[in-house]
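This report is a short guide for a reader meeting the structure for the first time. It takes up how helices pack against one another and then turns to a single residue.

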Amino acid sequence: LPASPPQASEEQLLRILEYQPHHETALINLAQLAASRDDADALRGYLEKARAGSDDAVRARVALARYYLRTGDSEAAMQVAREAVDANPDDVTAILSLAQASAALNQRETALTSLGGLQSGSVKDPALLTQAANLYRGLGENQLASTLLEDALELNKDYVPALMSIAQLEIREREFDTVRSRAQRIRELAPESPEGPAIEGDIEFLNQRYDAAVMKYREALAKQSTPTLAIKLFRALRLNGQTDQGIEELEQWIGANPESQEVIFVLATALMQENRLKESADQFNALLEQNPVHAAALNNLAWVYYQLRDNRSVSYAVRALEAAPESAEVLDTAGWILLEAGDTDKGVTYLKQAHEKVPENPVVTYHYAAALAKTGKSGDALRMLEGLQKTDDVFDGKQDALALYNALKNELRR
């Protein structure tokens, strides 16, 4: 929707509709007014009405596709975005909407094909170029993203969103001097934005100066409290040897932002890693109340309950499998828990599938080897464990894996 408020009042816009019920601009402006008062139903209704009124209503379709993306209905966004591109194949906003919807549906090639037409240099709007670049970043095409961001900055060297995005790319390449200059410029152009100190915090973090990173992230959080910054601060505190303080600050942040699933997951996982299992279970359960099919939370809670010797581990492992049947981590957790619970056939099946997906993972290798040993295939298990007993890598269950290796070796000698 347009960034500036409509010039006409709601009453004037409704009067226009009395004479032209599908007037696209009037309907878009009414949708904007609805958005300003958080009336999602009215917003969607006005845009759908504009869509129904004309096959050529590209602007309304673009706005509607973005609405559907924000509300998580990627299929609906894709359909509307396709209509917008069909109506005007050269409209950059329509192309971007189609690419965004494709990316949301994990249709990478479709997204890249949609974005391909934007590389010709014909786009002269730094905002649109930055949007396209951010899509490329999300698709892992960093070089293409960098090219578009450079084009955007040629058009406007002080366009802050482009400066922010290109700084993130340059951080990946460890071009720290350049990134510092970008961060300083962002501070000058947008002093109220958290991005300048946040970028500086990233530089300190990557250089393992965690105390300095903590200071920068705190400064950024004071400007704008976001889930990403809360998580970055926690990770810096943890690596600075202040895990307990980091956990306490996450708990405080969640107290003020109880619906932040991302931060709750980080806190619950941190508590699990610190062996504060009952507290971890409470946090995972709080997350699952908001999102009952959060596969990673289901998987981790199954593991927490397994460690607590709580029989609920099996049901949560099964729910995690239903939510993410192709995940190697979920297959491994479910396989091990079911194996230990006495369901050997399913346990072996899931552990085999997990090992096929990540044969280099030592934890999964140990679990599958243990399952094979349990079913009498000691020779196969021993061969799988041979590599693990030679590695210097540390992993969960390594001592158990070495003990099993020695036991099987002695067994086969007899």
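What follows describes two helix pairs and one serine in a predicted model.

Two packed helices are described by the angle between their axes and the distance between the axes, and the table gives these values for both pairs.

| Helix pair | Axes come within | Crossing angle |
|---|---|---|
| α14 (residues 227-239) and α15 (residues 243-256) | 7 Å | roughly 165 degrees |
| α21 (residues 344-357) and α22 (residues 362-374) | 9 Å | roughly 145 degrees |

With axes that cross at roughly 165 degrees, helix α14 is roughly antiparallel to helix α15, because angles over 145 degrees count as such. The crossing of α14 and α15 is right-handed, and the contact draws on Pro227, Ala230, Leu233, Phe234, Leu237 and Arg238 from α14, together with Thr243, Gln245, Gly246, Ile247, Glu249, Leu250 and Trp253 from α15. Sorted by class, the residues of this contact are eight nonpolar, three polar and two charged.

The crossing of α21 and α22, by its hand, is left-handed. On the α21 side the contact is made by Val348, Leu351, Lys352, Ala354 and His355, and on the α22 side by Val364, Thr365, His367, Tyr368 and Ala371; six of the residues in the contact of α21 with α22 are nonpolar, three are polar and one is charged.

Turning to the single residue, serine 146 lies in helix α9, which spans residues 142-155. Serine 146 has a relative accessible area of 15% and therefore counts as buried, the cut-off being under 20%. When its neighbours within four places in sequence are left aside, serine 146 is in contact with Ile166 and Leu169.

Methods
Residues numbered from 1 in each chain as written. Predicted model: local features only at pLDDT ≥ 70, side-chain atom pairs only at ≥ 80, totals over all residues. Heavy atoms only, no water. Axes fitted to C-alpha atoms, helices over the stretch in contact; angles between N-to-C directions. Helix = DSSP H or I, 4+ residues; strand = E, 2+ residues; numbered from the N terminus. Parallel < 35°, antiparallel > 145°, perpendicular 65-115°, else oblique. Left-handed = near helix turned anticlockwise from the far one by under 90°. Contact = heavy atoms within 4.5 Å. Nonpolar A, V, L, I, M, F, W, Y, C, P; charged D, E, K, R; others polar. Buried < 20%, exposed > 50% of the residue type's maximum accessible area, 1.4 Å probe, protein only.
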